[in-house]
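Work through the following exercises with the sequence and the model side by side. Each task is followed by a solution that goes step by step.

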Amino acid sequence: MRGAGPVTSTALLAVTLTLAAGCTTPPPDARGNTDEGTSSSPSPSASLFTLSPLPQPDSGPPPGRLVADLRQSSRDAALGRFQVWVANGLDAPVRPSAIWYDDPRLRRPIGAQRLREIPAGSERGYPLAEPSRPRCLADVSGPSAAGAGTAPGRVRVRFAGRTVRVPVEDEADVVARFVARRCLERAVARVADLRFEDTVGVDQPGEGSIGTLVLVATPTGRAGGRLLVETVSGTPLLTPYAAPVWRVGQPVRSDGAVVRLELPVAPARCDGHAFMESGGATAFKVRLRVRQPGSGGRSAGALVVRMSQAGASAAIGFARDSCGLGG
């Protein structure tokens, strides 16, 4: 056992020399060729020419000034907020004592939350709560007044005893989309209340069953309003039975009778991931047109109608039973 050390070292040296010799390119012949040209195996060095260039690092904010843009993740949307991101191109960190987002479409400035330092050359995002009453236009289905990809908004950053006003980029048209959605919700609410019943009917118990969701439109009683429910879309878990969407075409009058829309439903998929990732399983997109009572303003678009907690439990329970996954 004491002699194993030298033997092992010698073997390792032999392997190392063998590998080194295998990686050495033989000298060219008189014509400039090497043995690599006749070999059936690829040259080890050839792979160097097939490497994709690495992405260049972000150059950071422009030097000497602050820049800002608006963003909204799906989580932000679920929490009723969006974010303003401020990038610091100054030589020193910025410690904001206050940040406001000003936009004529939102009636009044919105104060940013979770203030914290922005190091030089870095950026930080600050949540902004969506207001309940934006400034609504008569037709919210058209493009934003400022045009897609731009925003008339500005951000005011208060730090070191001074206030800096910075134009805000909005490439995703975050504010315009929010205003359109919220104004459509308010217009619909003047005509009728839309909500799903908390129960799901079935044609038979157990696996393979077809369910029925019921969307109820309860008029407000005001005169002169009208909406037309055009279609209702399914979700990643619940899909219209034997159709890509529910084509409804049902009018509702603001001073008319309650309307119940029956929607035959089946599970969209039965794998475990569908139920594990079912956060939006009971949030349905309803496309409609609406004429508001009194003003006569008209708008069109889609809004999301979410089932209550009890209704969501019943709908997901139906899907599990229909998939044969019931406990």
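**Exercise 1.** In this predicted model, find which residue of S7 stands opposite Asp69, and state in which sense S1 and S7 pair.

*Solution.* Begin at Asp69, which stands opposite Glu169 in S7. Then turn to the two strands, S1 with residues 66-71 and S7 with residues 162-169, which pair in the parallel sense over two bridges.

**Exercise 2.** Give the order of the strands in the sheet, and explain why one side of S4 and of S5 is left without a neighbour.

*Solution.* The sheet is open and is formed by seven strands in the order S4-S3-S6-S7-S1-S2-S5, with mixed pairing. S4 (110-111) and S5 (123-129) stand at the edges, and because each has a single partner strand, one side of each lacks a neighbour in the sheet.

**Exercise 3.** Describe the surroundings of Arg156, and decide whether Arg156 is buried or exposed.

*Solution.* First place Arg156 in S6, which covers residues 154-159. S6 is joined to S3 by five bridges in an antiparallel run, and S6 also pairs with S7 in the antiparallel sense, over six bridges. Across the latter pairing, Arg156 stands opposite Arg165. Next, compare accessibility with the cut-off: buried means under 20%, and Arg156, at 18% relative accessibility, therefore counts as buried. Finally, consider the side chain of Arg156, which makes a polar contact of 2.6 Å with the side chain of Asp102, while Asp102 itself stands opposite Arg154 in S6.

Notes:
Residues numbered from 1 in each chain as written. Predicted model: local features only at pLDDT ≥ 70, side-chain atom pairs only at ≥ 80, totals over all residues. Heavy atoms only, no water. Helix = DSSP H or I, 4+ residues; strand = E, 2+ residues; numbered from the N terminus. Buried < 20%, exposed > 50% of the residue type's maximum accessible area, 1.4 Å probe, protein only. Polar contact = N/O pair within 3.5 Å; in protein donor to acceptor, adjacent residues only side chain to side chain. Pairing = 2+ DSSP bridges.
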